[in-house]
Amino acid sequence: MNDVMMQPQTIDAGLRRLFAMLRTCRPHGSVTEHQFIERFLLPHGMEADGFGNLWLQIGTAPVLWSSHVDTCHRRDGAQKFQIDRDGIVRLADGSPSNCLGADCTAGVWLMTEMIEAGIPGRYVVHRGEERGGLGSRYVAEHEPNRLEGISAAIAFDRRGTNSIITHQRGERCCSGDFAASLARAIDLDHQPDPTGTFTDTANYTFHIGECTNLSVGYDHEHTPQETLDLDYLIRLRRAVLGIDTGGLVIARTAGETDSDFEFAHAGEHGDFWSANAGSLYDLVRDYPAAVAEFLEMGGVSSRELQEFIADTIPF
Ligand SMILES: [Zn+2]
(Lines give C-alpha, C1' and ligand atoms only; values in the text may rest on other atoms or scores of the structure.)
Protein backbone atom coordinates (compact mmCIF):
# COMPACT_ATOMS: atom_id res chain seq x y z
CA MET A 1 0.00 0.00 0.00
CA ASN A 2 1.57 3.34 -0.88
CA ASP A 3 1.80 6.29 1.48
CA VAL A 4 -1.25 8.04 0.09
CA MET A 5 -3.33 4.88 0.39
CA MET A 6 -2.07 4.24 3.92
CA GLN A 7 -3.57 7.45 5.28
CA PRO A 8 -7.05 6.49 6.49
CA GLN A 9 -8.30 10.04 5.97
CA THR A 10 -7.51 9.81 2.23
CA ILE A 11 -9.62 6.67 1.85
CA ASP A 12 -12.93 8.29 0.98
CA ALA A 13 -16.36 6.69 1.02
CA GLY A 14 -15.99 5.81 -2.64
CA LEU A 15 -12.80 3.82 -2.09
CA ARG A 16 -14.32 2.07 0.92
CA ARG A 17 -17.16 1.00 -1.37
CA LEU A 18 -14.65 -0.25 -3.97
CA PHE A 19 -12.94 -2.38 -1.33
CA ALA A 20 -16.28 -3.79 -0.18
CA MET A 21 -17.12 -4.63 -3.81
CA LEU A 22 -13.73 -6.32 -4.35
CA ARG A 23 -14.39 -8.61 -1.39
CA THR A 24 -17.30 -10.29 -3.23
CA CYS A 25 -17.04 -13.20 -5.68
CA ARG A 26 -19.90 -13.04 -8.17
CA PRO A 27 -20.27 -15.86 -10.69
CA HIS A 28 -23.33 -15.29 -12.89
CA GLY A 29 -26.55 -16.22 -11.12
CA SER A 30 -24.90 -16.73 -7.70
CA VAL A 31 -26.33 -15.70 -4.34
CA THR A 32 -23.46 -13.24 -3.82
CA GLU A 33 -24.16 -11.63 -7.20
CA HIS A 34 -27.76 -11.00 -6.19
CA GLN A 35 -26.67 -9.65 -2.80
CA PHE A 36 -24.22 -7.34 -4.58
CA ILE A 37 -26.98 -6.00 -6.82
CA GLU A 38 -29.21 -5.37 -3.81
CA ARG A 39 -26.47 -3.69 -1.81
CA PHE A 40 -24.65 -1.64 -4.44
CA LEU A 41 -26.93 -1.08 -7.46
CA LEU A 42 -30.61 -1.02 -6.49
CA PRO A 43 -30.07 1.75 -3.87
CA HIS A 44 -28.98 4.01 -6.77
CA GLY A 45 -32.38 3.55 -8.38
CA MET A 46 -31.21 1.11 -11.06
CA GLU A 47 -34.00 -1.04 -12.47
CA ALA A 48 -33.82 -4.48 -14.05
CA ASP A 49 -34.88 -5.35 -17.61
CA GLY A 50 -36.32 -8.73 -18.61
CA PHE A 51 -32.92 -10.44 -18.26
CA GLY A 52 -31.84 -8.71 -15.07
CA ASN A 53 -29.47 -6.12 -16.55
CA LEU A 54 -29.61 -2.97 -14.40
CA TRP A 55 -30.47 0.41 -15.98
CA LEU A 56 -30.54 4.05 -14.95
CA GLN A 57 -31.01 7.25 -16.96
CA ILE A 58 -29.46 10.56 -15.84
CA GLY A 59 -30.11 13.60 -18.02
CA THR A 60 -30.23 13.35 -21.81
CA ALA A 61 -26.61 12.80 -22.97
CA PRO A 62 -26.66 10.24 -25.84
CA VAL A 63 -23.99 8.09 -24.17
CA LEU A 64 -24.38 4.56 -22.80
CA TRP A 65 -22.05 3.77 -19.87
CA SER A 66 -21.57 -0.01 -19.64
CA SER A 67 -20.05 -2.61 -17.30
CA HIS A 68 -20.96 -6.09 -16.02
CA VAL A 69 -21.83 -7.28 -12.54
CA ASP A 70 -20.65 -10.91 -12.87
CA THR A 71 -17.03 -11.91 -12.25
CA CYS A 72 -15.05 -14.90 -13.52
CA HIS A 73 -15.02 -16.52 -10.07
CA ARG A 74 -15.80 -20.23 -9.98
CA ARG A 75 -17.34 -19.95 -6.49
CA ASP A 76 -19.39 -17.22 -4.83
CA GLY A 77 -18.87 -15.82 -1.31
CA ALA A 78 -16.21 -13.49 0.07
CA GLN A 79 -12.46 -13.18 -0.53
CA LYS A 80 -9.48 -11.23 0.80
CA PHE A 81 -7.06 -9.04 -1.13
CA GLN A 82 -3.95 -6.99 -0.43
CA ILE A 83 -2.58 -3.67 -1.74
CA ASP A 84 1.16 -3.14 -2.19
CA ARG A 85 3.15 0.10 -1.81
CA ASP A 86 2.62 0.88 -5.52
CA GLY A 87 -1.15 0.74 -5.15
CA ILE A 88 -1.46 -2.61 -6.94
CA VAL A 89 -4.33 -4.75 -5.63
CA ARG A 90 -4.08 -8.54 -5.82
CA LEU A 91 -5.49 -11.57 -4.03
CA ALA A 92 -4.21 -12.12 -0.48
CA ASP A 93 -1.48 -14.76 -0.15
CA GLY A 94 -3.03 -18.20 0.04
CA SER A 95 -6.41 -17.02 -1.24
CA PRO A 96 -8.41 -19.89 -2.74
CA SER A 97 -10.02 -17.53 -5.31
CA ASN A 98 -9.32 -18.19 -8.98
CA CYS A 99 -9.32 -14.45 -9.83
CA LEU A 100 -9.52 -11.01 -8.19
CA GLY A 101 -12.60 -9.98 -10.16
CA ALA A 102 -11.42 -6.40 -10.78
CA ASP A 103 -12.84 -7.39 -14.20
CA CYS A 104 -15.41 -5.86 -13.99
CA THR A 105 -15.63 -4.61 -10.38
CA ALA A 106 -13.48 -1.61 -11.35
CA GLY A 107 -15.98 -0.68 -14.07
CA VAL A 108 -19.07 -1.18 -11.92
CA TRP A 109 -17.52 0.92 -9.16
CA LEU A 110 -16.62 3.75 -11.56
CA MET A 111 -20.22 3.83 -12.74
CA THR A 112 -21.58 4.06 -9.18
CA GLU A 113 -19.22 6.98 -8.58
CA MET A 114 -20.50 8.67 -11.77
CA ILE A 115 -24.12 8.04 -10.77
CA GLU A 116 -23.55 9.61 -7.35
CA ALA A 117 -21.98 12.63 -9.05
CA GLY A 118 -24.91 12.90 -11.47
CA ILE A 119 -22.84 12.50 -14.66
CA PRO A 120 -25.38 12.46 -17.52
CA GLY A 121 -25.97 9.39 -19.67
CA ARG A 122 -27.73 6.02 -19.72
CA TYR A 123 -26.17 3.47 -17.39
CA VAL A 124 -26.32 -0.30 -17.84
CA VAL A 125 -24.67 -2.92 -15.64
CA HIS A 126 -24.96 -6.15 -17.63
CA ARG A 127 -25.51 -9.68 -16.36
CA GLY A 128 -23.68 -12.73 -17.70
CA GLU A 129 -20.90 -11.01 -19.66
CA GLU A 130 -18.43 -13.71 -18.65
CA ARG A 131 -20.86 -16.35 -19.95
CA GLY A 132 -20.66 -15.01 -23.49
CA GLY A 133 -22.30 -11.59 -23.24
CA LEU A 134 -25.69 -13.04 -22.30
CA GLY A 135 -27.18 -9.82 -20.93
CA SER A 136 -26.16 -7.56 -23.80
CA ARG A 137 -27.22 -10.16 -26.36
CA TYR A 138 -30.63 -10.19 -24.68
CA VAL A 139 -30.87 -6.39 -24.96
CA ALA A 140 -29.85 -6.38 -28.64
CA GLU A 141 -32.34 -9.12 -29.51
CA HIS A 142 -35.29 -8.49 -27.18
CA GLU A 143 -35.20 -4.93 -25.82
CA PRO A 144 -33.29 -2.90 -28.47
CA ASN A 145 -35.53 0.09 -27.72
CA ARG A 146 -33.36 0.61 -24.63
CA LEU A 147 -30.55 1.66 -27.00
CA GLU A 148 -32.61 4.27 -28.85
CA GLY A 149 -31.20 7.78 -28.83
CA ILE A 150 -27.70 6.54 -27.96
CA SER A 151 -24.82 7.43 -30.30
CA ALA A 152 -21.88 6.13 -28.23
CA ALA A 153 -21.55 3.10 -25.94
CA ILE A 154 -18.54 3.17 -23.61
CA ALA A 155 -17.71 0.03 -21.62
CA PHE A 156 -15.44 0.23 -18.57
CA ASP A 157 -14.11 -3.29 -19.04
CA ARG A 158 -10.65 -3.32 -20.64
CA ARG A 159 -7.36 -4.43 -19.16
CA GLY A 160 -4.43 -2.05 -18.87
CA THR A 161 -4.23 1.69 -18.43
CA ASN A 162 -4.15 3.21 -21.92
CA SER A 163 -6.53 1.48 -24.33
CA ILE A 164 -9.54 2.80 -26.17
CA ILE A 165 -10.71 -0.24 -28.11
CA THR A 166 -11.51 0.41 -31.78
CA HIS A 167 -12.03 -3.24 -32.87
CA GLN A 168 -13.58 -6.23 -31.16
CA ARG A 169 -13.28 -9.76 -32.58
CA GLY A 170 -11.45 -8.24 -35.57
CA GLU A 171 -14.40 -6.00 -36.50
CA ARG A 172 -14.38 -2.24 -36.17
CA CYS A 173 -16.60 -1.07 -33.30
CA CYS A 174 -15.76 2.64 -33.17
CA SER A 175 -14.16 5.16 -35.49
CA GLY A 176 -10.64 6.47 -35.04
CA ASP A 177 -12.09 9.97 -34.78
CA PHE A 178 -14.32 8.92 -31.89
CA ALA A 179 -11.42 7.17 -30.12
CA ALA A 180 -9.28 10.29 -30.46
CA SER A 181 -12.06 12.55 -29.16
CA LEU A 182 -12.63 10.24 -26.17
CA ALA A 183 -8.88 10.27 -25.44
CA ARG A 184 -9.02 14.09 -25.46
CA ALA A 185 -12.05 14.13 -23.18
CA ILE A 186 -10.34 11.87 -20.62
CA ASP A 187 -6.86 13.36 -21.04
CA LEU A 188 -4.90 10.44 -19.55
CA ASP A 189 -2.82 9.46 -22.62
CA HIS A 190 -5.09 6.71 -23.94
CA GLN A 191 -4.38 5.27 -27.38
CA PRO A 192 -6.65 3.72 -30.00
CA ASP A 193 -6.27 -0.06 -29.64
CA PRO A 194 -7.58 -2.46 -32.33
CA THR A 195 -6.86 -5.66 -30.33
CA GLY A 196 -10.14 -5.93 -28.42
CA THR A 197 -11.68 -9.39 -28.09
CA PHE A 198 -15.16 -9.09 -26.65
CA THR A 199 -17.21 -7.12 -24.20
CA ASP A 200 -20.90 -6.23 -24.08
CA THR A 201 -20.65 -3.21 -26.39
CA ALA A 202 -19.63 -5.58 -29.24
CA ASN A 203 -23.25 -6.73 -29.23
CA TYR A 204 -24.45 -3.17 -29.90
CA THR A 205 -22.50 -2.29 -33.07
CA PHE A 206 -25.63 -2.72 -35.21
CA HIS A 207 -27.65 -0.42 -32.93
CA ILE A 208 -25.13 2.23 -31.85
CA GLY A 209 -22.59 4.01 -34.07
CA GLU A 210 -19.63 4.27 -31.71
CA CYS A 211 -19.03 1.27 -29.41
CA THR A 212 -15.84 1.01 -27.39
CA ASN A 213 -14.16 -0.40 -24.31
CA LEU A 214 -11.88 1.62 -22.04
CA SER A 215 -8.99 0.48 -19.82
CA VAL A 216 -9.97 0.39 -16.14
CA GLY A 217 -6.63 -0.75 -14.72
CA TYR A 218 -6.95 -4.50 -14.24
CA ASP A 219 -4.51 -6.98 -15.77
CA HIS A 220 -4.11 -10.77 -16.02
CA GLU A 221 -7.88 -11.03 -15.63
CA HIS A 222 -9.51 -14.46 -15.21
CA THR A 223 -6.41 -15.74 -13.38
CA PRO A 224 -5.25 -15.90 -9.71
CA GLN A 225 -2.55 -13.37 -10.71
CA GLU A 226 -5.13 -10.71 -11.63
CA THR A 227 -4.15 -7.20 -10.45
CA LEU A 228 -5.79 -3.79 -10.24
CA ASP A 229 -3.84 -0.53 -10.56
CA LEU A 230 -5.51 1.59 -7.90
CA ASP A 231 -3.62 4.80 -8.70
CA TYR A 232 -4.75 4.62 -12.32
CA LEU A 233 -8.34 3.85 -11.35
CA ILE A 234 -8.41 6.88 -9.03
CA ARG A 235 -7.03 9.11 -11.80
CA LEU A 236 -9.64 7.68 -14.19
CA ARG A 237 -12.37 8.41 -11.62
CA ARG A 238 -11.28 12.03 -11.44
CA ALA A 239 -11.31 12.22 -15.26
CA VAL A 240 -14.77 10.69 -15.79
CA LEU A 241 -16.31 12.72 -12.96
CA GLY A 242 -15.29 15.82 -14.93
CA ILE A 243 -15.95 14.47 -18.43
CA ASP A 244 -17.65 16.61 -21.07
CA THR A 245 -19.26 14.22 -23.55
CA GLY A 246 -20.36 17.13 -25.76
CA GLY A 247 -17.02 17.04 -27.60
CA LEU A 248 -17.20 13.36 -28.60
CA VAL A 249 -17.02 12.95 -32.38
CA ILE A 250 -19.65 10.57 -33.78
CA ALA A 251 -18.35 9.35 -37.16
CA ARG A 252 -19.41 5.69 -37.41
CA THR A 253 -22.97 4.74 -38.27
CA ALA A 254 -24.62 1.77 -36.61
CA GLY A 255 -24.14 -1.41 -38.61
CA GLU A 256 -21.30 0.01 -40.71
CA THR A 257 -18.95 -2.81 -41.66
CA ASP A 258 -15.20 -2.54 -41.75
CA SER A 259 -13.07 -2.20 -44.83
CA ASP A 260 -9.47 -3.04 -45.63
CA PHE A 261 -8.87 0.69 -45.94
CA GLU A 262 -9.82 1.22 -42.32
CA PHE A 263 -7.73 -1.73 -41.15
CA ALA A 264 -4.74 -0.49 -43.12
CA HIS A 265 -4.98 2.79 -41.21
CA ALA A 266 -5.54 1.22 -37.81
CA GLY A 267 -1.82 1.15 -37.01
CA GLU A 268 0.47 -1.77 -36.46
CA HIS A 269 -2.24 -4.29 -35.57
CA GLY A 270 -4.47 -3.07 -38.38
CA ASP A 271 -1.70 -3.75 -40.89
CA PHE A 272 -1.23 -7.15 -39.33
CA TRP A 273 -4.86 -8.11 -39.70
CA SER A 274 -5.32 -6.82 -43.24
CA ALA A 275 -2.30 -8.91 -44.27
CA ASN A 276 -3.40 -12.02 -42.36
CA ALA A 277 -7.17 -12.12 -42.75
CA GLY A 278 -7.31 -15.88 -43.32
CA SER A 279 -10.10 -18.39 -42.83
CA LEU A 280 -11.21 -19.47 -39.36
CA TYR A 281 -9.31 -22.71 -39.91
CA ASP A 282 -6.11 -20.80 -40.70
CA LEU A 283 -6.46 -18.60 -37.62
CA VAL A 284 -7.08 -21.55 -35.28
CA ARG A 285 -4.08 -23.39 -36.73
CA ASP A 286 -1.75 -20.37 -36.62
CA TYR A 287 -2.83 -18.80 -33.30
CA PRO A 288 -4.08 -21.63 -31.02
CA ALA A 289 -3.25 -19.75 -27.78
CA ALA A 290 -5.13 -16.61 -28.86
CA VAL A 291 -8.09 -18.66 -30.06
CA ALA A 292 -8.21 -20.54 -26.74
CA GLU A 293 -8.24 -17.22 -24.87
CA PHE A 294 -10.97 -15.88 -27.17
CA LEU A 295 -13.15 -18.97 -26.56
CA GLU A 296 -12.60 -18.74 -22.82
CA MET A 297 -13.58 -15.07 -22.76
CA GLY A 298 -16.68 -16.03 -24.72
CA GLY A 299 -17.65 -18.44 -21.95
CA VAL A 300 -16.80 -21.70 -23.74
CA SER A 301 -15.50 -24.33 -21.31
CA SER A 302 -13.03 -27.04 -22.29
CA ARG A 303 -15.71 -29.62 -21.47
CA GLU A 304 -18.18 -28.02 -23.91
CA LEU A 305 -15.51 -27.91 -26.58
CA GLN A 306 -14.53 -31.52 -25.88
CA GLU A 307 -18.14 -32.60 -26.27
CA PHE A 308 -18.45 -30.69 -29.54
CA ILE A 309 -15.26 -32.20 -30.88
CA ALA A 310 -16.37 -35.71 -29.80
CA ASP A 311 -19.63 -35.20 -31.71
CA THR A 312 -17.76 -34.31 -34.90
CA ILE A 313 -15.57 -37.43 -34.85
CA PRO A 314 -17.30 -40.34 -36.66
CA PHE A 315 -16.51 -43.43 -34.54
ZN1 LIG B 1 -15.04 -8.05 -18.17
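Colleague: Happy to go through this one with you. Leaving out residues up to four places away in sequence, which residues does Leu 228 touch?

Modeller: With pleasure, and please keep in mind that this is a predicted model. Setting aside residues up to four places away in sequence, the contacts of Leu 228 include Leu 22, Leu 100, Ala 102, Ala 106 and Leu 233. The rest of the list is Gly 87, Ile 88, Val 89, Val 216, Gly 217 and Tyr 218.

Colleague: Which residues have the most contacts inside the largest nonpolar core?

Modeller: In general, nonpolar side chains of soluble globular proteins tend to be buried together. Here the largest nonpolar core has 58 residues. Those with the most contacts inside this core are Trp 65, Tyr 123, Phe 156, Leu 228 and Leu 236.

Colleague: Which element gives the largest share of this core?

Modeller: The largest share amounts to 8 residues. They come from residues 102-117, that is, from helix 4.

Colleague: And how many residues are in the second, separate core?

Modeller: Tyr 138, Ile 165, Cys 173 and Tyr 204 are among its members. This second core is separate, and its size is 14 residues.

Colleague: On to the metal. Which residues are the protein donors of the zinc ion?

Modeller: The donor atoms lie 1.9 to 2.6 Å from the zinc ion. His 68 gives NE2, while Asp 157 is listed for two OD atoms and Asp 103 for one. In sequence the spacing of the donor residues is H-x34-D-x53-D. The donor residues are therefore His 68, Asp 103 and Asp 157.

Colleague: How far apart in sequence are the parts that the pair His 68 and Asp 157 ties together?

Modeller: Both residues of this pair are buried. His 68 belongs to strand 4 (residues 63-68) and Asp 157 to strand 9 (residues 152-158), so the pair links parts whose separation in sequence is 89 residues.

Colleague: What is the site of the zinc ion, judged by the angles among its 4 donor atoms?

Modeller: A tetrahedral site would need all angles between 85 and 135 degrees. The angles here run from 54 to 142°, and the site is irregular.

Colleague: Is His 73 buried or exposed?

Modeller: His 73 sits in the loop between strand 4 and strand 5 (77-78). Its contacts beyond four places in sequence include Thr 24, Cys 25, Ser 97 and Cys 99. Because its relative accessibility is 4%, His 73 counts as buried.

Colleague: Which side chain makes a polar contact of 2.7 Å with the side chain of His 73?

Modeller: The side chain of His 73 has a polar contact at 2.8 Å with the side chain of Gln 79. The 2.7 Å contact is with the side chain of Thr 71.

Colleague: How many disulfides does the count come to?

Modeller: A disulfide needs two cysteine sulfur atoms within 2.5 Å. The sulfur of Cys 25 has its closest cysteine sulfur in Cys 99 at 7.4 Å, so that pair is too far apart for a bond. For Cys 211 the closest cysteine sulfur is in Cys 173 at 6.7 Å, again too far. The count comes to 0.

Colleague: Last one: which side chain makes a polar contact with the side chain of Asp 12?

Modeller: Asp 12 is found in the loop between helix 1 (3-6) and helix 2 (13-22), and at 30% relative accessibility Asp 12 counts as partly exposed. A polar atom of its side chain lies 2.7 Å from the backbone nitrogen of Leu 15. The side-chain partner, at 2.9 Å, is Arg 237.

Definitions and conventions. Residues are numbered from 1 along each chain as its sequence is written. This is a predicted model: local features need pLDDT of at least 70, side-chain atom pairs count only at pLDDT 80 or more; totals for chains, interfaces and linings use all residues. Side-chain values use heavy atoms; hydrogens and water are left out. A nonpolar core is a set of buried Ala, Val, Leu, Ile, Met, Phe, Trp, Tyr and Cys residues joined through side-chain atoms within 4.5 Å. Buried means under 20% relative accessible area, exposed over 50%, partly exposed in between (1.4 Å probe, protein chains only). Helices (H or I, at least four residues) and strands (E, at least two) are DSSP runs, numbered from the N terminus. Contact means heavy atoms within 4.5 Å. Donors are N, O and S atoms within 2.8 Å of the metal (3.2 Å for Na, K and Ca); water is not among the atoms, so sites may look incomplete. Four donors count as tetrahedral if all angles lie between 85 and 135 degrees; four count as square planar and six as octahedral if opposite donors are over 155 degrees apart and all others between 65 and 115; anything else is irregular. A polar contact is a pair of N or O atoms within 3.5 Å; within protein, one must be able to donate a hydrogen and the other to accept it, and residues adjacent in sequence count only if both atoms are side-chain atoms.
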